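Student: Please take me slowly through one part of this model, looking closely at a single residue and its surroundings. After that, I would like to see how the rest of the chain is arranged.

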Amino acid sequence: MNWGDSDMTSKTSLFKKGLIISDFKRFWWVSALYALILFFAVPFNLLMQGLRWKDVRNSEFLIRNLSLIANRNGLHELLICIVPVATAVLVFRYLQVERSSSLMHSFPLKRSELFANHSAAGFLLFAIPVVFTSLVLLVMQPMSFLGEYQSLPDVLKWTGMTLLLEALFFSSAVFVGMFTGSSIAQIVFIYILH
């Protein structure tokens with residue numbers, strides 16, 4: 001058998017575990033802070049609202065106030081606009097600092113690999129707290145009165161909509177960041193764009 005004629009090719013992954021873990025080590029605090037604020041803004045807030053209005057005994061009012069989608073929680077909406085942009089600015093900040101950029105581009109990685117890995121790490125940094133919060137909501141349903149007013153599809157719809165909007169803000173922030181040379185300009189232009 002001639003080893004030179006073999007069709008065995010080496011396949012490498014676009015995602016490098018070390019680079020993603022490096023981003024997690026540097027920016028874990030963003031994800032932890034977001035998870036904490038999101039916990040108090042969504043499940044804890046719904047629980048407190050339900051306890052406050054439970055005496056009213058008006059089921060339509062409770063259903064409207066305890067709905068994940070119809071309930072207008074200003075803090076949650078503000079977080080959807082701020083956290084992905086801040087994550088994009090932090091994760092891609094190395095491009096705007098000469099020493100960090102030189103170091104990052106000296107690795108034996110293509111620019112497309114660097115982009116894909118930083119994008120994946122940024123997405124995971126804000127997606128993990130949303131998934132954690134939805135798991136908390138699912139655990140709270142059978143253990144509290146929230147199960148009467150929310151169902152699994154409600155929680156999944158909230159999770160999907162939140163992740164979709166955050167992914168939109170994150171991807172547009174990354175897009176704008178590729179054209180600017182300053183974090184401040186990136187933040188200003190992304191909100192002008194939106």
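Tutor: The answer starts with the whole chain, then turns to one residue, and ends with a few other places.

This is a predicted model, in which local features need a pLDDT of at least 70 and side-chain atom pairs count only at pLDDT 80 or more, while totals for chains, interfaces and linings use all residues. Residues are numbered from 1 along each chain as its sequence is written, and side-chain values use heavy atoms, with hydrogens and water left out.

The protein has 8 helices and 0 strands, where helices (H or I, at least four residues) and strands (E, at least two) are DSSP runs numbered from the N terminus. Along the sequence this gives the pattern α-α-α-α-α-α-α-α. Of its 194 residues, 40% count as buried; buried means under 20% relative accessible area, exposed means over 50%, and partly exposed lies in between, with a 1.4 Å probe and protein chains only. The accessible surface comes to about 11600 Å², and 68% of that belongs to carbon and sulfur atoms; such areas come from the Shrake-Rupley method with a 1.4 Å probe, and for residues only the protein chains shown count as cover. Among contacts (heavy atoms within 4.5 Å) between residues at least 6 apart in sequence, 76% join residues at least 24 apart.

The residue for the close look is aspartate 23, which sits in helix α1, residues 17-41. Is aspartate 23 buried or exposed? Aspartate 23 counts as buried because its relative accessible area is 1%. Other buried residues of α1 include Leu19, Ile20, Phe27 and Val30.

What does aspartate 23 touch, once residues up to four places away in sequence are set aside? The answer is Val91, Asn117, His118 and Ala121. With histidine 118 there is also a polar contact, side chain to side chain, at 2.6 Å. A polar contact is a pair of N or O atoms within 3.5 Å; within protein, one of them must be able to donate a hydrogen and the other to accept it, and residues adjacent in sequence count only if both atoms are side-chain atoms.

Aspartate 23 has a second partner, arginine 26, with which it forms a salt bridge whose closest N and O atoms are 3.7 Å apart. A salt bridge is a side-chain nitrogen of Lys or Arg within 4 Å of a carboxyl oxygen of Asp or Glu, and by this rule the count comes to 1 salt bridge. Side chains of opposite charge can pair when their charged atoms come close. The two partners both lie in helix α1, 3 residues apart, which is about one turn of the helix. Arginine 26 counts as partly exposed because its relative accessibility is 35%, whereas aspartate 23 counts as buried at 1%. In this helix, α1 also bends by about 65° at phenylalanine 27, the bend being the angle between axes fitted to the seven residues ending there and the seven starting there.

From α1 we can move to another helix: alanine 120 is in α6, residues 111-143, and it counts as buried at 18% relative accessibility. Its C-alpha atom is separated by 7.4 Å from that of isoleucine 20, although the two residues are 100 apart along the chain.

At the other end of our tour is helix α8, where glutamine 186 is placed. Glutamine 186 is buried, with a relative accessible area of 2%, and among the residues it touches, not counting those up to four places away in sequence, are Ala88, Val89, Gln96 and Thr180. Phenylalanine 189 is also in α8, but it is partly exposed at 44%; with the same limit of four places, phenylalanine 189 touches Val176 and Thr180.

Finally, Leu75, Leu78, Ile82, Ile187 and Tyr191 form a nonpolar patch on the surface, with about 410 Å² of accessible area together. The elements giving two or more residues to this patch are α4 (74-91) and α8 (183-193), and the largest share, 3 residues, comes from α4. Patches are made of residues with over 30% relative accessible area and no salt bridge, where like charges are joined within 9 Å and nonpolar side chains (Val, Leu, Ile, Met, Phe, Trp, Tyr) within 5 Å. Tyrosine 191 belongs to helix α8 and counts as partly exposed at 35% relative accessibility.
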